[in-house]
Structure formats: structure tokens, C-alpha cells
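Please find below my notes on this model, set out as numbered points. They take up the disulfide, a sheet and the core in turn.

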Amino acid sequence: QVQLVESGGGLVQAGDSLRLSCAASGRTFSSYNMGWFRQAPGKEREFVAAITWSGKSTYYADSLKGRFTISRDDAKNTVYLQMDSLKPEDTAVYYCAAALPNGDTYYSPATTRRAYAYWGQGTQVAVSS
């Protein structure tokens with residue numbers, strides 16, 4: 001089992017950057033695929049980005065490619081989401097999630113919510129215009 005705590009959210013202006021962090025408990029962090037999701041007010045939680053346990057494969061929502069970057073530091077049990085050129089529509093609560101790989105997800109991370117068993121409490125990101 002793994003526990004996740006997000007940090008780094010805040011209020012920024014359009015065009016600014018933020019880096020979110022997700023710290024995981026436990027000594028098996030390096031075994032987990034990690035993902036970021038977000039949920040805007042009145043909307044469904046949506047996939048943002050994911051990275052495999054090995055760090056060799058990443059995947060992004062099409063609309064976010066080129067602006068967001070996911071990375072991991074297994075020595076620190078932490079996964080990051082670098083967000084650049086932020087837009088007001090990026091305003092949401094951002095959630096970190098973890099999943100043990102299975103089958104194809106050893107090589108390519110899952111992008112669906114139900115694939116992730118463990119979730120953090122979320123961190124709020126607000127982007128003003």
C-alpha cells in the first residue's frame with residue numbers, strides 16, 4: 001500500500017509556471033506507475049499525465065502535450081508535474097495516483113481513473129487571466 005500527499009499548488013497568473021509534487025510513503029514507490037489527474041468545478045476528473053514505474057515511458061493528455069511534464073525521483077519517493085504556460089482553463093484540483101503495473105502497463109502507463117488504486121487528497125491550482 002502507498003500513501004500520497006500532493007503539494008505545490010497555488011494561485012498564479014496566466015503564462016506562469018508551477019511544479020506540483022507528490023510524495024509517497026513506503027519503500028516500494030519505484031514499483032508503481034504514477035499518474036496525475038485533475039478535476040475542475042462541475043466537471044469529471046480527467047487524466048493529465050502518467051509515468052511508468054521505470055520512468056522510461058510517459059503519456060500525456062493530448063491537449064496538454066508540450067506544456068506539462070511528468071517526472072519521478074525514486075530516491076525521494078516523489079513524482080512531479082511541471083506545468084508551464086498555464087491557462088485559466090488549467091484551474092482545477094490536481095490529484096496524484098499510483099498503480100502497480102500489470103501486463104501492458106509495465107511498458108505504457110494507464111490513463112483511466114479506475115486503473116489507479118491509490119489517490120492523494122489533491123492540491124488546488126488556480127490560474128487567473
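Which hand does the link of Cys22 and Cys96 have, and what is the angle about its S-S bond? The points below begin with that.

1. The link of Cys22 and Cys96 is left-handed, with -80° about the S-S bond. This is a predicted model, in which local features need pLDDT of at least 70 and side-chain atom pairs count only at pLDDT 80 or more, while totals for chains, interfaces and linings use all residues. Residues are numbered from 1 along each chain as its sequence is written, and side-chain values use heavy atoms, with hydrogens and water left out.

2. The sulfur atoms of Cys22 and Cys96 lie 2.1 Å apart, and a disulfide is counted when a pair of cysteine sulfur atoms is within 2.5 Å. The count by this rule is one disulfide. It links distant parts of the chain, 74 residues apart: Cys22 belongs to strand E3 (residues 18-24) and Cys96 to strand E9 (residues 92-99). Strands (E, at least two residues) are DSSP runs numbered from the N terminus.

3. Are the two cysteines buried or exposed? Cys22 is buried, at a relative accessible area of 0%, and Cys96 is buried at 0% as well. Buried means under 20% relative accessible area (1.4 Å probe, protein chains only).

4. E3 is also part of an open sheet of four strands, in the order E1-E3-E8-E7 with antiparallel pairing. Strands pair if DSSP finds at least two bridges between them. E1 and E7 are at the edges with a single partner strand each, so one side of each has no neighbour in the sheet. Neighbouring strands are turned by 15° against each other on average, direction ignored; the axes are lines fitted to C-alpha atoms, and angles between N-to-C directions run from 0 to 180 degrees.

5. The edge strand E1 (residues 4-7) has Leu4 and Glu6 on a covered face, and Val5 and Ser7 on an uncovered one. Four bridges join E1 to E3 in the antiparallel sense. On the uncovered face, Val5 is opposite Ala23 in E3, and the bridge partner of Ser7 is Ser21.

6. The largest nonpolar core holds 37 residues, and those with the most contacts inside it are Met34, Trp36, Val79, Leu81, Met83 and Tyr94. Among the elements giving two or more residues to this core are E3, strand E4 (33-39), strand E8 (78-83) and E9. E9 provides the largest share, six residues. A nonpolar core is a set of buried Ala, Val, Leu, Ile, Met, Phe, Trp, Tyr and Cys residues joined through side-chain atoms within 4.5 Å.

Notes:
Buried means under 20% relative accessible area, exposed over 50%, partly exposed in between (1.4 Å probe, protein chains only).
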